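Trainee: I am new to this structure and would like a close look at a single part of it. Could you walk me through one helix, its neighbours and the pockets around it?

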Amino acid sequence: MRIEDTDGVRRLTFDQPEVKNALTADAARELAAAVEELEPETHDAAVLTGAGDAFCAGGDIEAMAERDETAHEAYERVRETLGRVAEALLTAPVPVVARVNGDATGAGLSLVAACDFAYAAEDARFAASFVNVGLVPDLGGTVTLSRLVGLRAAKELAFTGKLISADEAAELGLLNGVVPADELDAAVGETVETLAKRPTESIGLAKEVIHANLGRPWRDGLEREAQAQTLAYDTDAHEEGVNAFLENRRPEFE
């Protein structure tokens, strides 16, 4: 992951375009640490994006196929990587803007949902594709999606894994705007410039209170999410989904 600080803006870039910026455990830890370092005295905002033609294509499925861990180990890994990223984004004291330059699927979609603002190129696509490999949404997806798009739409995305366009994502409330690819930097830049003119500490406080007042504490949601994902890792559906991906075929779920 590339981390660049310029004029009060921390730019966080997934930098593995050859694998569509798949989110490895190491990348998750790097991202979480970089977000946790954000301070209103130093930063006005952060921008999260991807190198190449993808934002983030989700988890590293090849690594999933090689895992050999107990349920407790799986739980600890999910909470200290994916859960940590979600917690960092949701509690960051400065606003985080997702610059969605390409497809955002699986954990990539959850990342977009966990950011405070999101702008996408018009050819970007989105999917809560966890179900395609026998898993449940993680990285805060079960916490944030329904709050952004509504309960029925969140269930449709999570239960089907369907791929939707940027325009559809915007209509659902997942995005603040959709623009041609060559206008994406301008759209993000305009928002960041506006935020830089506002009191960062006040924004951080407002964000904290807004999240606290959403209803069920999201920490409780992350706890339940990690428990569910731990169970999902041990299913035949997950094994079939991973094998089908590696064998370049459609999964056959029973």
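Mentor: Let's start where α4 and α5 meet: these two helices are oblique to each other, because angles of 35 to 65 degrees fall in that class and their axes cross at roughly 60 degrees. Those axes come within 9 Å. Please keep in mind throughout that the model is predicted. The crossing of α4 past α5 is left-handed. On the α4 side, the residues that meet α5 are Leu-109, Ser-110, Ala-113 and Ala-114; on the α5 side, the partners are Gly-141, Thr-144, Leu-145 and Leu-148. Sorted by class, this contact holds five nonpolar residues and three polar ones, with no charged residue.

Now stay with α5, which spans residues 141-149, and turn to helix α6, residues 151-160. Here the axes lie 6 Å apart and the packing angle is about 130 degrees. That makes α5 oblique to α6 as well. The crossing of this pair is right-handed. From α5, the contact uses Leu-145, Ser-146 and Val-149, while α6 brings Leu-151, Ala-153 and Ala-154. Five of these residues are nonpolar and one is polar, and none is charged. You may recognise Leu-145: this residue of α5 takes part in the contact with α4 and in the contact with α6.

The next partner of α5 is helix α10, which runs over residues 218-233. The two pack at an angle of about 125 degrees, and 8 Å separates their axes. That makes α5 oblique to α10. The α5 residues in this contact are Gly-141, Thr-142, Val-143 and Arg-147, and they meet Trp-218, Gly-221, Leu-222 and Glu-225 of α10. The mix of classes is three nonpolar, three polar and two charged. Gly-141 is another residue to look for twice, as it touches α10 and also belongs to the contact with α4.

With those neighbours in place, let's look at a pocket that α5 helps to line. The second largest pocket holds about 420 Å³ of space. Its lining is made of 24 residues, and those nearest its centre are Ala-113, Cys-115, Asp-116, Leu-148 and His-211. Two of these names should be familiar: Ala-113 of α4 and Leu-148 of α5 are both part of the contact between those helices. The elements that give two or more residues to this lining are α4 (107-114), β7 (117-121), α5 and α9 (200-212). Of these, α9 gives the most, with five residues. By class, the lining has 17 nonpolar, four polar and three charged residues.

To round off the tour, compare that with the largest pocket, which has a volume of about 1,100 Å³. A total of 42 residues line the largest pocket, and Ala-57, Gly-59, Ile-61, Thr-105 and Phe-245 lie nearest its centre. Two or more lining residues come from each of α1 (25-36), α2 (61-66), α3 (71-91), β6 (103-105), β8 (125-127) and α11 (236-246). The largest share comes from α2, with four residues. This lining divides into 21 nonpolar, eleven polar and ten charged residues.

Note on methods. Residues numbered from 1 in each chain as written. Predicted model: local features only at pLDDT ≥ 70, side-chain atom pairs only at ≥ 80, totals over all residues. Heavy atoms only, no water. Axes fitted to C-alpha atoms, helices over the stretch in contact; angles between N-to-C directions. Parallel < 35°, antiparallel > 145°, perpendicular 65-115°, else oblique. Left-handed = near helix turned anticlockwise from the far one by under 90°. Contact = heavy atoms within 4.5 Å. Nonpolar A, V, L, I, M, F, W, Y, C, P; charged D, E, K, R; others polar. 1 Å grid on protein atoms, 1.4 Å probe; cavity = no way out; pocket = protein on both sides within 12 Å on 5 of 7 lines; lining within 4 Å. Points joined across faces, edges and corners; volume = space filled by probe spheres on them.
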